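Colleague: I should be grateful for a close look at a single part of this structure, the last helix and what surrounds it. Please connect that part to the rest of the chain as you proceed.

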Amino acid sequence: MVNGGLGTGKSIVAMNAFIYLLKQEKNIRFIAPNVSFKEAIIDILAKHKKDTKKKLKEVFLGSMGLYDCETLTFDVLIVDEAHRLKRKGTYMYKGDSQVDDVIRSSKVNIFFSDDNQRIRPDDEGFVGLIKSTAKKHNSKIIEINLKAQFRCFGAEGYINWITHVLQIEDTANFDGWDKESFEFKIETNIYSDNSLDSLSSLIMLSHFY
């Protein structure tokens, strides 16, 4: 279990671990529950080379297709955005639990997760469930917490303030942050020119991160 909030480097650590294990010639797959994220990573790594992209698609998988894998099929499964793993009843998913699918079908499984980033009712990959499922399979659990902030100039005060404003949890930064380093606006009309400029900037920043 690798736990960390937004901007703590989970995806970077996941990719570095993945590349290292590939070089060790392990039977490994990178699981990305978010399809758009998976496709973006493949495009970046392939650098527009069709043959490379085809090979990468063999080692980058979505989370839907593991339900019928044999037990211990893979040496290692790395799951980025594990909080987006789905439960039984999710559209087009034929299994009972994607968390169980991952643990059952691999000798070693590495979950990169943040409970606060679950956004849909059928997202089941929270830390408690992953741990309880691992114990059911008699897995040894190693937990690592990433805390350093690498976005927003590393300003933890700003992140904590956003966390408080969105009522994710109470923090000591309810009064604000270093306002000289950031610009914060509230727009009353999303269709105004200023709002559209702000929205375009936000989309570009979201894509970059």
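Modeller: Directly after helix 5 comes Asn138, which has a positive phi, near 60°. The model is a predicted one, and the description below works outward from this helix.

Four residues of helix 5 are buried: Val127, Ile130, Thr133 and Ala134. They line one face of the helix, because their directions, seen down the axis of helix 5, fall within an arc of 135°. A general property of the α-helix is relevant here: with 3.6 residues a turn, residues three or four places apart point the same way. The buried residues of helix 5 pack against three elements, namely strand 1 (2-4), helix 4 and strand 5. On the face turned away from this buried side, helix 5 carries the exposed residues Lys135 and Lys136.

Lys136 deserves separate attention. Its relative accessibility is 58%, and because exposed means over 50%, Lys136 counts as exposed. Lys136 nevertheless forms a salt bridge with Asp100, with the closest N and O atoms 3.0 Å apart. This pair links distant parts of the chain, since Lys136 belongs to helix 5 and Asp100 to helix 4, 36 residues apart. Asp100, at 15% relative accessibility, counts as buried. The salt bridge thus joins an exposed lysine to a buried aspartate.

Helix 4 has a further salt bridge, within the helix itself. The side chains of Arg104 and Asp101 meet at 3.3 Å, N to O. Both residues lie in helix 4, three residues apart, about one turn of the helix. Arg104 and Asp101 are both buried.

These two residues also lead to the loop between strand 3 and strand 4, where Leu66 is found. Leu66 counts as buried, because its relative accessibility is 2%. The C-alpha atoms of Leu66 and Asp101 are separated by 5.7 Å, although the two residues stand 35 residues apart along the chain. When neighbours within four places in sequence are left aside, Leu66 is in contact with Ile31, Leu61, Phe74, Leu77, Asp101, Val102, Arg104 and Ser105. Both members of the Arg104 and Asp101 salt bridge are therefore among the contacts of Leu66, by the 4.5 Å heavy-atom criterion.

The segment that precedes helix 5 supplies another ionic connection. A search of the whole structure finds ten salt bridges. One of them joins the side chains of Lys86 and Asp123, at 2.3 Å, N to O. Lys86 lies in the loop between strand 4 (74-79) and helix 4 (98-104), while Asp123 lies in the loop between strand 5 (106-113) and helix 5 (127-136), so the pair ties together parts that are 37 residues apart in sequence. Both Lys86 and Asp123 are buried. Salt bridges that share partners join Arg84, Lys86, Asp122 and Asp123 into one network.

The loop that holds Lys86 also holds Tyr91. Tyr91 counts as exposed, because its relative accessibility is 67%. Together with Met64 and Met92, Tyr91 makes a nonpolar surface patch of about 390 Å². That loop thus contains a buried lysine as well as an exposed tyrosine.

Aromatic pairs complete the picture. The whole structure contains three of them. In one, Phe18 and Phe30 are edge-to-face, with 5.4 Å centre to centre and 75° between the planes. Phe18 lies in helix 1 (residues 10-23) and Phe30 in strand 2 (residues 28-31), so this pair ties together parts that are twelve residues apart in sequence. Phe18 counts as buried at 1% relative accessibility, and Phe30 is buried as well, with a relative accessible area of 0%. Phe30 also pairs with Phe60 in a tilted arrangement, 5.0 Å centre to centre with 35° between the planes. Because Phe30 lies in strand 2 and Phe60 in strand 3 (residues 60-61), this pair ties together parts that are 30 residues apart in sequence. Phe60, at 2% relative accessibility, counts as buried. Phe18, Phe30 and Phe60 form one aromatic cluster.

To return to the part you asked about: helix 5 packs through its buried residues against strand 1, helix 4 and strand 5, and its exposed Lys136 forms a salt bridge with Asp100.

Note on methods
Residues numbered from 1 in each chain as written. Predicted model: local features only at pLDDT ≥ 70, side-chain atom pairs only at ≥ 80, totals over all residues. Heavy atoms only, no water. Patch = residues over 30% accessible without salt bridge, like charges linked within 9 Å, V, L, I, M, F, W, Y side chains within 5 Å. Areas by Shrake-Rupley, 256 points an atom, 1.4 Å probe, with all protein chains shown as cover. Salt bridge = Lys/Arg side-chain N within 4 Å of Asp/Glu carboxyl O. Buried < 20%, exposed > 50% of the residue type's maximum accessible area, 1.4 Å probe, protein only. Phe/Tyr/Trp six-rings, centres within 6.5 Å; stacked < 30°, edge-to-face > 60°. Arc of directions from axis to C-beta.
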